[in-house]
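This report describes selected salt bridges, one strand with its pairings, and the internal cavities of a protein model.

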Amino acid sequence: MSRPEDPTVGRYVAANVDLAAWQVALVERPLIRGPSQVTGPVCLGCLKSITADSSVRCERCGWPMCSDGKCSDDEWHKAECDWTVSRRKQKVEIKDFTIPHPSYQSITVIRCLYQKHNNPDVWAKLTKLESHCASRRGGSKYEADRVWIADHLRRFYKLDPEEWSVEEILRVCGIVQVNGHEVPLTDPPYVAIYDSGSMLEHSCVPNCSKTFTRDGHLLIRTGAAAVESGGHLSISYTDVLWGTAQRLAHLADTKFFVCKCPRCSDPTELGTYYSGVKCATEDCMGYALPNVHPSTNDPFDIEWTCNFCSTVIDPNRIELTLSHVGRDMAAMNRRDPNHCRMFLDHYVSAGDLHPNHYYFTEVRLNLAQLYGQLEGHPLDSLSSEQLSHKRELCLKVLKVADVLFSGSINIISICLLINIIFFVSVAECRIRGSLMFELHAIMAEDARRSQQDTNVVMEALLRSKFYLEQAENLLKYEPKELPEGQMAAQCKQNAIDLDLLLKKLHESIGSAPM
């Protein structure tokens with residue numbers, strides 16, 4: 001990978017060779033890793049949650065660790081341990097394990113500051129990263145960091161003001177905030193900073209996806225489209241399932257820029273109408289869409305304009321509609337398929353939001369995964385109508401995903417065995433892989449229920465195999481600590497079982513009388 005600089009996007013990561021579709025482009029060890037700023041007590045070695053009963057104190061510094069004796073000697077714990085021993089000269093004592101603990105707010109920052117005198121190479125890489133101090137200064141988060149991190153560190157660890165200025169500490173706070181990746185390998189998730197990983201360009205239609213290896217390395221992988229040498233590599237810094245207004249606000253609040261990617265610049269969000277709210281003009285068939293002026297640097301400077309009658313809609317009216325639907329969505333029991341279905345049936349038919357709206361997409365994704373997954377209600381217990389609905393939900397979400405999560409034009413993959421055309425695009429691998437696995441399970445259940453007709457069974461199993469191969473390819477780099485990693489392991493076993501079943505079926509057809 002190369003890291004050139006562009007006047008618009010700043011430093012970015014470019015491919016220095018041609019990258020094939022689905023190729024691993026980067027695997028990188030973290031420069032720093034540590035607990036999230038707001039967290040209850042965690043082991044400062046493995047970063048997993050601990051309780052008063054499950055923890056032991058580090059003999060040197062007193063910080064509570066998990067009962068695994070190796071964690072006290074973990075390399076990442078060395079920073080706060082050394083500072084506690086050499087600067088504070090008094091062991092730490094944590095008494096309350098039930099709520100977010102303020103003493104943990106500064107741990108990741110300590111681990112960064114520690115590199116200044118103990119690992120100059122890492123310190124040099126950290127200090128090259130963007131902190132956006134000018135944009136942060138004066139904000140509530142900046143002032144909270146001044147009190148709860150900068151002032152706390154100088155007082156608690158008796159830091160020399162000449163050696164560690166408040167400004168330098170706050171700059172490191174900014175580096176952590178802007179460049180930190182949430183790593184969901186532990187409960188709770190932790191934060192890690194990567195060198196090249198911090199330079200990856202943002203796009204709401206990225207051409208790469210990210211995951212993590214079991215040991216916390218960042219893994220970047222291209223999608224279904226190849227990336228030519230010199231091409232920018234991009235990931236999404238925000239949630240691709242959010243609408244434009246949400247994504248813009250989040251990026252401005254956490255990364256301090258206004259996104260102007262193809263998706264954010266297009267009010268229709270690439271023809272999906274993903275944020276569309278029904279126009280308030282009487283008898284109008286259009287939808288109010290978020291129009292971000294290309295010259296604005298204000299993420300809240302959004303004009304909602306009807307795509308049909310061009311009426312500019314009062315943003316307060318948009319907010320009122322979204323708040324009404326959002327309240328009911330928040331009150332809905334997401335673990336109850338009936339509640340989810342009633343929500344969709346009511347609000348999709350009401351027509352206040354576009355059928356592809358992000359609220360509906362989120363509930364569809366949730367409901368598609370609920371069907372057949374609840375304890376006591378396996379897939380084979382679903383009615384034919386429920387199984388059909390599960391398939392419909394998966395395909396609807398995938399249809400939107402093919403557009404919104406794509407970094408380039410769609411690629412057509414043809415499965416000749418079953419004579420179908422399936423559109424594969426660069427997508428967020430976990431979402432698409434999970435849905436492909438669900439479709440595999442649906443087709444396998446269809447085959448089980450069609451045992452009287454051998455040809456129907458064979459076609460259903462071949463479709464199931466196709467979806468399973470797609471799921472396995474999308475999820476194969478997910479670590480076993482994540483549900484998708486466990487699903488990837490299940491893919492391997494299911495593939496073996498499915499091949500044996502197809503072989504037996506083929507043999508029975510071949511030996512059947514003509």
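Are D145 and R136 buried or exposed? D145 is buried, and R136 is buried as well; here buried denotes under 20% relative accessible area, exposed over 50%, and partly exposed the range in between, computed with a 1.4 Å probe on protein chains only. The model is predicted, with local features requiring pLDDT of at least 70 and side-chain atom pairs pLDDT 80 or more, while totals for chains, interfaces and linings use all residues. Residues are numbered from 1 along each chain as its sequence is written, and side-chain values use heavy atoms, with hydrogens and water left out.

**Salt bridges**

The structure contains 25 salt bridges, each defined as a side-chain nitrogen of Lys or Arg within 4 Å of a carboxyl oxygen of Asp or Glu. The table lists three of these pairs.

| Pair | Closest N to O |
|---|---|
| D145 and R136 | 2.8 Å |
| R432 and D402 | 2.7 Å |
| R463 and E459 | 3.3 Å |

In the salt bridge between R432 and D402, the partners come from distant parts of the chain: R432 belongs to helix α14 (residues 429–449) and D402 to helix α13 (residues 384–404), 30 residues apart. Helices (H or I, at least four residues) and strands (E, at least two) are DSSP runs numbered from the N terminus. R432 has a relative accessible area of 1% and is buried; D402, at 11%, also counts as buried.

The partners R463 and E459 both lie in helix α15 (residues 454–475), and because they are 4 residues apart, about one helical turn separates them. R463 is partly exposed at 21% relative accessible area, and E459 is partly exposed at 39%. Elsewhere, R136, K141 and D145 are joined into one network by salt bridges that share partners.

**Strand β14**

Of the 6 residues in strand β14 (residues 287–292), 5 are buried, so the strand is mostly covered. Strand β13 (residues 277–278) runs antiparallel to β14 and is joined to it by 2 bridges; strands pair if DSSP finds at least two bridges between them. In this pairing V277 stands opposite A288. Strand β15 (residues 302–306) is also antiparallel to β14, with 5 bridges between them, and P290 stands opposite W304 there.

**Cavities**

A search of the whole structure yields 2 cavities of 30 Å³ or more. A cavity is a set of points, on a 1 Å grid over the protein atoms alone, where a 1.4 Å probe fits but cannot get out; lining residues have an atom within 4 Å of a point. Grid points are joined across faces, edges and corners, and the volume is the space filled by probe spheres set on the points.

The largest cavity has a volume of about 40 Å³. Its lining consists of S209, K210, T211, R221, C429, L474, Y477 and E478, and strand β10 (residues 208–212) supplies the largest share, 3 residues. Because domain 1 (5–28 + 196–235) and domain 4 (404–509) both contribute to this lining, the largest cavity lies between them; the domain bounds come from an automatic or database domain assignment.

The second largest cavity has a volume of about 30 Å³. W63, S103, S106, I107, I110, H152, F156 and Y157 line it, and the elements giving two or more residues are α2 (107–113) and α6 (140–156).

How do the two linings divide by residue class? The lining of the largest cavity has 3 nonpolar, 2 polar and 3 charged residues, whereas that of the second largest has 5 nonpolar, 3 polar and no charged. In this scheme Ala, Val, Leu, Ile, Met, Phe, Trp, Tyr, Cys and Pro count as nonpolar, Asp, Glu, Lys and Arg as charged, and the others, Gly among them, as polar.

How values were computed: On a 1 Å grid over the protein atoms alone, a cavity is a set of points where a 1.4 Å probe fits but cannot get out, and a pocket is an open set with protein on both sides within 12 Å along at least five of seven lines; lining residues have an atom within 4 Å of a point.
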